[in-house]
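Hi everyone, thanks for coming. Let's walk through one model together, starting at the surface and then moving inside.

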Amino acid sequence: MEALLKKKDDWTESVNLSELRSCNSGESKDSSSSSSSSSGSSSGNLVEKVKVNSKARGPGSASASPPPLLGWPIRRAITSAATTPTVSKKSDVSNGNGDEDKTSNEDDKFRKLGSKINEIDMMKERFAKLLLGEDMSGSGKGVCAALAISNAITNLCATIFGQLWRLEPIPEEKKSMWKREMEWLVCVGDHIVELIPSWQNLPDGSKLEVMTCRPRSDIFINLPALRKLDNMLLDILDSFTNTEFWYVDQGIIAPDADGSASFRKTLQRQEEKWWLPVPRVPTCGLSDSARKQLSHTRECTNQILKAAMAINSISLSEMEVPDSYLDTLPKNGRACLGDLIYRYITSDQFSAECLLDFLDLSSEHIALEIANRIEASIYVWRRRSQSKPPVNPNRSTAKSSWEMVKDLMVDGDKREFLAERAESLLLCLKQRFPGLTQTALDTSKIQCNKMT
């Protein structure tokens, strides 16, 4: 059997050698037709070179050997296909070194142009929503422009700061979005103007009094102040970069597993809010400088909050009370306050602090309800003290006109006195609950406000 296999291998080698010689002889004929010199010697030299190369390579160099020669036309195609990409790559590299900057610059230009187009489309959408009063159907059932702007600012604030549970800088993307869209929303205030007298100098040296436009006084004063407070808050958040404390998510790391202490024990009221991160400090606590810095930052933030709340309160107090709110008020102060609060507020010995200590103020919801009742009683007493008594011709004339006027003056003074007491009580209540939400009167003013 081995003899048969050996003969088969010898026969295969002889066949392959004859095919190779025939191919080489055909190649020599083709080359002799194209060139008139050395036709026979080229084929012989080629066969000799193939034999020498095959002997020199040996059996172990089959993997590194080039593919067998397949004749001149096929070999020329393979050679050109193998060499052309390398040349093209080299040419691309050599030519691309000069065009890379141009390509990158063009990409940057297209990217900036695309972002500007997106911003313009977004701005158009925002202003269309404001003009339609948040009613995109166009049915005319939208809210007033002032309320639409207020709601847009509230929604933007919830988008940017709604998930801010850590003392850390805001991402640049959100910060730029906040500044850009706030400028869009408050730019409406540039067109709310009032006319003020001013003097204009003429070429002949004379002066002429003219009326010039200026932003309305409250916008002219309050809007720059609010911008300043906003920048201060952003700067405070940007200052929390290299802090000695950090945050961990609840439920991921066990208490004190990483050798650090936590503020978790002082936040018992937030135990049900499992999604809030827990601040942690080193076992030795914060350093003195870090404590002083945090204390100073807290005081600055409290002052910013007080300034913003004061601007808000002043702006709301300058708004007119809507008729829709006055129409819903009861007829007298007792019906507004209830018997208990009315008895204490009309007593000779009245103390706002003692009354608040006596009342049940266990939650902010109850405190807001009491604030609404006190505020309603203030406007009931003020409105009745300023209104004139109806003229009744059938009324008995037993009292003289002077007695009627005297009783009217006494009642007016008493109502004004009770209204002042109610105002002091409301002020003490808001001081106890500084984070109290807007009352029913404030909400009514915002909803029915008209930008004039």
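A patch here is built from residues with over 30% relative accessible area and no salt bridge, joining like charges within 9 Å and nonpolar side chains (Val, Leu, Ile, Met, Phe, Trp, Tyr) within 5 Å. A salt bridge is a side-chain nitrogen of Lys or Arg within 4 Å of a carboxyl oxygen of Asp or Glu, and accessible areas are Shrake-Rupley values with a 1.4 Å probe, where for residues only the protein chains shown count as cover.

This is a predicted model, so local features need pLDDT of at least 70 and side-chain atom pairs pLDDT 80 or more, while totals for chains, interfaces and linings use all residues. Numbering runs from 1 along each chain as its sequence is written, and side-chain values use heavy atoms, without hydrogens or water.

Now the surface. Trp165, Trp274 and Trp275 form a nonpolar patch with about 420 Å² of accessible area together. Trp165 lies in the loop between helix H4 (145-161) and helix H5 (172-186); helices are DSSP runs of H or I, at least four residues, numbered from the N terminus.

Inside, the largest nonpolar core has 25 residues, and Leu361 is among those with the most contacts within it. By core I mean buried (under 20% relative accessible area, 1.4 Å probe, protein chains only) Ala, Val, Leu, Ile, Met, Phe, Trp, Tyr and Cys residues joined through side-chain atoms within 4.5 Å.

Leu361 touches Arg432 (contact means heavy atoms within 4.5 Å). Arg432 sits in helix H13 (residues 401-432) and also touches Glu353, Leu356 and Asp357.

Note on methods: Helix = DSSP H or I, 4+ residues; strand = E, 2+ residues; numbered from the N terminus. Buried < 20%, exposed > 50% of the residue type's maximum accessible area, 1.4 Å probe, protein only. Lists of a residue's contacts leave out its neighbours within four places in sequence.
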